[in-house]
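Please open the structure in a viewer and keep the selection tool at hand. The tour proceeds by selection, and each stop states what is to be found there.

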Amino acid sequence: MNRFRPSLLIHHRCLHPLQNAAPFCSYLKSRSVIRFSGSDTIKFLQGLLSNDVRRFAEPPREDNSPFPMPNVASVVVPPMYAALLTPQGRFLYDLFLYRPPRPEEKLDRTGSGPGSGSGGSVEILADVDGSVLDELLATLKIYRLRSKVDIENVAEDFSCWQRYGRNLSGKTPAVEEPEEASVGWGGGVDGSGKSASHGNDVGWQWFKDPRLDCLGFRGIFPSGTIPPLVESDKETDEENYLLWRLEKGVAEGSTEIPKGEAIPLEYNFTGLNAISFDKGCYVGQELIARTHHRGVIRKRLVHLKFLDNNGKEVEGKVAPGSQVINTASSKKAGSVTTALGFRGMGVLRLDEAFKRSGSLTIEGQEDIKVEAIRPDWWPTEWFQDQQHTAVA
C-alpha cells in the first residue's frame, strides 16, 4: 500500500482553510486494518501492548455513547490507542484498537432489536500503519506462539477515516451536527446509514479520537463506502490531516515516529492516552516505567515553524532529520522528525527549545530560523518538567 512521504511539500495556503472552516474528513490511505479473533485475543494483546486492553473484555457502560449514528449499538466500548514496543522500550508500531459491537449489543437483521448472543467470541479491529503492515503481521505471529488467536489482514475489507477541523474540536455532537443528535435507536435512518442497517455489519460509526479531543473523530468503515456525515465538499486529502496534527504536535505511524529508536514518553504517549502504568507487564515496560517514575522528560516532540530572518514562513527548505541548534549556546537542541511546507515537528531539549531567544536554527542552514511551539493540550506538569530541566 502506498504511503505519502512526510517530506511531501504542500503550500501553506492549504492549512489556512482548516483553521476556521467546517469539519473536514480524510480517507487515511496510509493506514490499514488487521483483525484479532479467538478466545485468547485479550490476553494476547494485554501482554504485548502498552495500554490496558482488558477494558475490551468488560461489559460496556451505557454512558459510553459514540458520535450519534443511525442503527448503532445501544452501548459501546470506546476505541483505544496503544503501542507495540521493543523489549528495550523503543517504539515499533502504533495501533488504534476497536471492539466491534457484539450481536447482543446491536440491531438484528430486521432492525427491530438486539441480535442473538456472540457465544463468547472476541474480536478486535486494529487501525495500523500500512507502510509496515507485513512486518507488523510477521512480528505479531512470532509473539503468538500457542495462543488461541487468529491474526488477519483485512485491509481490503475496511478503510480508516478521520474527521477533524476547528469547528469540530471540543463540541458535542448535538452542537456540531444538531440534525444527527436525535438519531439512534428508534430514530430515523439517513441515506448514508441505511445501507448498513441490515446484516452483521450494522453499527459502523465515528468515535472521539482516543488520543485528544482536539484531533476530532476517527473510525473504521467498510471499504468502498463513504462514512455517514461525510459530504463531498468536506472531504480533503490526507496531507491536510497531517497538517492538522503538525499544529497539535502529534505524530502518528512508524515513519513519523522512528521505529526501533523513538522513546514513547518523548513522543508524548502518556498525554495521548497510549500507556497504562497500572496494567502490569508488557513488552518494553521496564524502560517506560523507570523513565516515567524518574519524573523528568528532558526532550519532547513539539510543533515547529520554519522562518527566514524577517520572520516570513519558509516553504520546503527543511527535511526530516535536519538538526536544530541553538546559536546562542552552540548546543544541539534536537532534530526535525517531520516537515511539510513551513511546518514540522521535532524532538527538542526543553531547556533549549523554549528559551525565547530566537536563536534556534537549522544546522548548515543558519538563515532558516526555527520557532518551537508548545502545544495547548500539554498537561501543566509538563511545564514544570521544563522548568526543572532548565535548572538541571
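In which sense do strand 2 and strand 6 pair, and over how many bridges? Select residues 31–37, which form strand 2, together with strand 6: the two pair in the antiparallel sense, over four bridges. The model in the viewer is predicted.

**The whole chain**

Before going further, display the entire protein, which has ten helices and 15 strands. It comprises 392 residues, of which 55% count as buried. Among contacts in the protein with a separation of 6 or more, 75% are between residues 24 or more positions apart.

**The five-strand sheet**

Return to strand 2 and add its neighbours. The strands form an open sheet of five in the order 3-4-5-2-6, with antiparallel pairing. Strand 3 (80–85) and strand 6 (150–153) occupy the edges; each has a single partner strand, so one side of each is left without a neighbour in the sheet. From one strand to the next, the twist averages 30 degrees.

Now show the residues of strand 2 individually. On its strand 6 side, Ser-37 stands opposite Asp-150. With strand 5, strand 2 pairs in the antiparallel sense over seven bridges. There, Phe-36 has Ile-124 of strand 5 as its bridge partner.

Is strand 2 mostly covered or mostly uncovered? Strand 2 is mostly covered, with seven of its seven residues buried. To follow this on each face, select Arg-31, Val-33, Arg-35 and Ser-37 for one side, then Ser-32, Ile-34 and Phe-36 for the other; every one of these residues is buried.

Next, select residues 133–144, which are helix 3. Helix 3 lies across strand 2, strand 3, strand 4 (91–98), strand 5 (123–129) and strand 6. Relative to strand 6, helix 3 runs at about 170 degrees.

**The four-strand sheet**

Move to the open sheet of four strands, whose order is 1-7-9-8 and whose pairing is antiparallel. Its edges are strand 1 (24–27) and strand 8 (207–208); each has a single partner strand, so one side of each lacks a neighbour in the sheet. Select strand 8 with residues 217–222, which are strand 9: this antiparallel pair is joined over two bridges. Within it, Phe-207 stands opposite Arg-218 of strand 9. Add helix 6, which packs on the sheet and touches strand 1, strand 7 (158–164) and strand 9. The direction of helix 6 makes about 50 degrees with that of strand 7.

**Leu-243 in helix 6**

Within helix 6 (residues 238–248), select Leu-243. Its relative accessible area is 4%, under the 20% limit, and therefore Leu-243 is buried. Add Gly-344 to the selection: the C-alpha atoms of Leu-243 and Gly-344 are separated by 8.5 Å, although the two residues are 101 positions apart along the chain.

**Two residues with positive phi**

Most residues other than glycine have a negative phi. The next two selections have positive values.

Select Leu-229, in the loop between strand 9 and helix 6. Its phi is near 75 degrees. Leu-229 counts as buried, at 12% relative accessibility.

Then select Ser-330, in the loop between strand 11 (323–326) and strand 12 (331–340). Here phi is near 60 degrees. Is Ser-330 buried or exposed? Its relative accessible area of 67% lies over the 50% limit, so Ser-330 is exposed.

**The second largest pocket**

For the last stop, select Ala-353, Phe-354, Arg-356, Glu-371 and Ala-372. Of the 16 residues that line the second largest pocket, these are the closest to its centre. About 280 Å³ of space lies in this pocket.

Which elements each supply at least two residues of the lining? They are helix 9 (350–353) and strand 15 (365–373). Strand 15 gives the most, with four residues. Colouring the lining by class shows six nonpolar, four polar and six charged residues.

Note on methods: Residues numbered from 1 in each chain as written. Predicted model: local features only at pLDDT ≥ 70, side-chain atom pairs only at ≥ 80, totals over all residues. Heavy atoms only, no water. 1 Å grid on protein atoms, 1.4 Å probe; cavity = no way out; pocket = protein on both sides within 12 Å on 5 of 7 lines; lining within 4 Å. Points joined across faces, edges and corners; volume = space filled by probe spheres on them. Nonpolar A, V, L, I, M, F, W, Y, C, P; charged D, E, K, R; others polar. Pairing = 2+ DSSP bridges. Axes fitted to C-alpha atoms, helices over the stretch in contact; angles between N-to-C directions. Contact = heavy atoms within 4.5 Å. Buried < 20%, exposed > 50% of the residue type's maximum accessible area, 1.4 Å probe, protein only.
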